Amino acid sequence: MAGEFSVRAAVAEDGAQMAEILNEIIAIGGTTARMDPATPQELVAEFLTGAEALGAVVAVTPEGFCVGFQGLERDDTLPDNVGDISTYARQVPRLRGVGTAMFAATRRRVGVMGLSEINAVIRADNVPGLAYYGKMGFVDVDRIIGRALPNGQIVDRIVRRFRL
């Protein structure tokens, strides 16, 4: 696998590899507020089939190996024209450009959904995540002070938005 990949709309059959990616990130720790492993069915419902799901994209190698996914969903605390984004990239192997390519595909998709903004909530101690969303053009709009993670750790969250 030399770093080649393409980005396409996620389908239910991608759920197992999406769960592998997220669960690897959870196991490593320090970059996601999620603490409990996710099942393929949970991720398919969250991003593809559930009432709040707005869809997802996956980055896949020519062999069909998923190296990242990015999902959008509605959050009832946000206006209807704002989607909430989540981005996950496989840590091993880590391929350069996966996040940038997935966001380009997501931007194309949200234009037809009637969204005017994309919201991201990032742990304040997630340096790579903050750098990624900053590079994509998201700007800080709020800071949530002292939010407890499921394990009891207290971490601020940075709220960033991208205007379409």
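From the N terminus on, the elements of the protein chain follow the order β-α-α-β-β-β-α-β-α-β-β in this predicted model. That order is made up of four helices and seven strands. The radius of gyration is 15 Å, close to the 15 Å that the globule rule gives for 164 residues, so the chain is as compact as a globular protein of that length. Along the principal axes, the C-alpha trace spans about 45 × 35 × 30 Å.

A look at the contacts and the surface helps to fill in this outline. Among contacts with a separation of 6 or more, 61% join residues that lie 24 or more positions apart. Of the 164 residues, 43% count as buried. The protein chain exposes about 8,300 Å², and carbon and sulfur atoms supply 53% of that area. As for charge, the chain carries 17 positive and 20 negative charges, and the mean positions of the two sets are 7 Å apart.

Helix 2 offers a handy place to see how one element sits within the fold. This helix covers residues 40-49, and its buried residues are L43, V44 and F47. Seen down the helix axis, these buried residues fall within an arc of 100°, so they line one face of helix 2. The spacing fits a simple rule: an α-helix has 3.6 residues a turn, so residues three or four places apart point the same way. On the other side of helix 2, Q41 and T49 are exposed.

What do the buried residues of helix 2 pack against? Their partners are helix 1 (15-28) and three strands, namely strand 2 (53-60), strand 3 (66-73) and strand 4 (82-89).

Within helix 2, V44 can be followed in a little more detail. The relative accessible area of V44 is 12%, and because buried means under 20%, this residue counts as buried. Leaving aside residues up to four places away in sequence, V44 touches A12, G15, T49 and G50. One of these contacts, T49, is itself an exposed residue on the other side of helix 2. A further distance places V44 relative to C66, which is 22 residues away along the chain: the C-alpha atoms of the two residues are separated by 15 Å.

Note on methods
Residues are numbered from 1 along each chain as its sequence is written. This is a predicted model: local features need pLDDT of at least 70, side-chain atom pairs count only at pLDDT 80 or more; totals for chains, interfaces and linings use all residues. Side-chain values use heavy atoms; hydrogens and water are left out. Helices (H or I, at least four residues) and strands (E, at least two) are DSSP runs, numbered from the N terminus. The radius of gyration is taken over C-alpha atoms; the globule rule is 2.2 Å times the number of residues to the power 0.38. Buried means under 20% relative accessible area, exposed over 50%, partly exposed in between (1.4 Å probe, protein chains only). Contact means heavy atoms within 4.5 Å. Accessible areas come from the Shrake-Rupley method with a 1.4 Å probe; for residues, only the protein chains shown count as cover. Lys and Arg count as positive and Asp and Glu as negative; His and the chain ends are not counted. The place of a charge is taken as NZ of Lys, CZ of Arg, CG of Asp or CD of Glu. The arc is that of the directions from the helix axis to the C-beta atoms.
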